[in-house]
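Student: I have this model open and would like to go through it with you. Shall we start?

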Amino acid sequence: MHFLDQAKIFLKSGAGGPGAVSFRREKYIEYGGPDGGNGGRGGDIVFEAVAGLNTLIDFRYTQHFKAQRGAHGMGKDRTGASAPDLVIEVPVGTQILSEDKEEVLADFTEVGQRLVFLEGGMGGRGNASYKTSTNRAPRQHQPGEPGHEMWVWLRLKLLADVGLLGLPNAGKSTFINQVTNAQAKVGDYAFTTLIPKLGVVRHKGREFVLADIPGLIAGAAEGAGIGDRFLGHIERCRVLIHLIDIAGNDPAEAMRVVQAELASYGEGLSEKPQLIALNKVDLADPELVAGFTEELRAAGADEVFGVSGATGEGVEALLDAILGYLPDRTATETKGSEVDDVADQAGDWSPLD
């Protein structure tokens, strides 16, 4: 499945149906009078966040969404049928932006969240509604109100509890494969990760979503490398794991480069809690690990975890630290554990107590 996190689409709600001009014609009724019904309401444009989607690729092939118009009124005081709503399903984490991308019009953060984005036009009045004591045979009617239309941008920000970032070849793909079943591509060249990757981590009875994004390089905020466009996918994360390659040229400088790109991007990423992980410690002796750990602390790291994505060394301690930043229940954790807890408590109950 192809990944797409931005799409521009056109929306148009349905117009209301026109009212009818009609007069009652029956053999034994001399003065039938007006009986034109009202028009039906046009269809709304409705967005709904659904589970099971994590890309906007469908909107690459379908960019125009137009709801149906309401049916016109008819004689015998019959009101036209209202048009059905046009429901557009989007992944959880989707934002709707104005055409100039300056304003966030809607933000879908929960499964089942619905929003009537554009309302359909009201149906027009038929001539029966104009009848008065002084206007017994009105011929005026209303056309239906027109629908609303606009161009908008859809932007997807994947929902994850923990974000994984670092320079290219820092070992992020190997690390996410170690702690999840994401099956990320691993290679000995830069930018093996071209799109964000999600995986579910299960550790000590807890579950959380880990997001891996393409590597950052100096100047990413100005478009160098893949740029910083994928940083939006970790904006909602509660904590970030900054993976640093111990076999790189200068781990402390690598940390400063990534921190500078986060600050240039903004959106509060540089203020998020970060866990510095010195990766590939299996390739170095303990003295070198201790030396680089001190350098990273001197460069501003509060705590440094020595880990190996290949062997799993030190990973458990890092995951233990992550649990302290998680809420009581993450989005991926089901209510099954709560049911189990209730069942356990019920097992201790006795009518003699």
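Student: How much space lies in the largest pocket?

Tutor: This is a predicted model, so local features need pLDDT of at least 70 and side-chain atom pairs pLDDT 80 or more, while totals for chains, interfaces and linings use all residues. Residues are numbered from 1 along each chain as its sequence is written, and side-chain values use heavy atoms, without hydrogens and water. A pocket here is an open set of points on a 1 Å grid where a 1.4 Å probe fits, with protein on both sides within 12 Å along at least five of seven lines. Filling the points with probe spheres gives the volume, and for the largest pocket the space is about 720 Å³.

Student: Which residues are the closest to its centre?

Tutor: Lining residues have an atom within 4 Å of a point, and the largest pocket has 25 of them. They divide into 13 nonpolar, seven polar and five charged, with Gly counted as polar and Tyr, Cys and Pro as nonpolar. The closest to the centre are Val92, Leu159, Ala160, Val209 and Ala331.

Student: Which strand gives the most to that lining?

Tutor: Strands are DSSP runs of E with at least two residues, and helices are runs of H or I with at least four. One strand, residues 197–203, supplies three residues to the lining of the largest pocket. That strand is β10.

Student: Which residue takes a positive phi in the hairpin of β10 and β11?

Tutor: β10 and β11 (residues 206–212) pair in the antiparallel sense over seven bridges, where pairing needs at least two DSSP bridges. Arginine 202 stands opposite glutamate 207 of β11. Two residues lie between the strands, and the one with phi near 55 degrees is lysine 204.

Student: Why do β10 and β14 each have one side without a neighbour in the sheet?

Tutor: Six strands make an open sheet of mixed pairing, in the order β10-β11-β9-β12-β13-β14. The twist averages 30 degrees from one strand to the next. β10 and β14 (304–306) have one side free because each stands at an edge with a single partner strand.

Student: What angle does α4 make with β13?

Tutor: Angles run from 0 to 180 degrees between N-to-C directions, with axes fitted to C-alpha atoms. α4 touches β12, β13 and β14, a contact being heavy atoms within 4.5 Å. With β13 (274–279), its direction makes about 150 degrees.

Student: At what angle do α3 and α4 cross?

Tutor: Pro251, Ala252 and Met255 of α3 meet Phe292, Glu295 and Leu296 of α4, a group of five nonpolar residues and one charged. The axes of α3 (residues 251–265) and α4 (residues 286–298) come within 8 Å, crossing at roughly 35 degrees.

Student: In the five-strand sheet, which residue of β3 is the bridge partner of leucine 11?

Tutor: That open sheet has the order β3-β1-β8-β5-β6. β1 (residues 6–12) and β3 pair in the parallel sense over three bridges. The partner of leucine 11 is phenylalanine 65.
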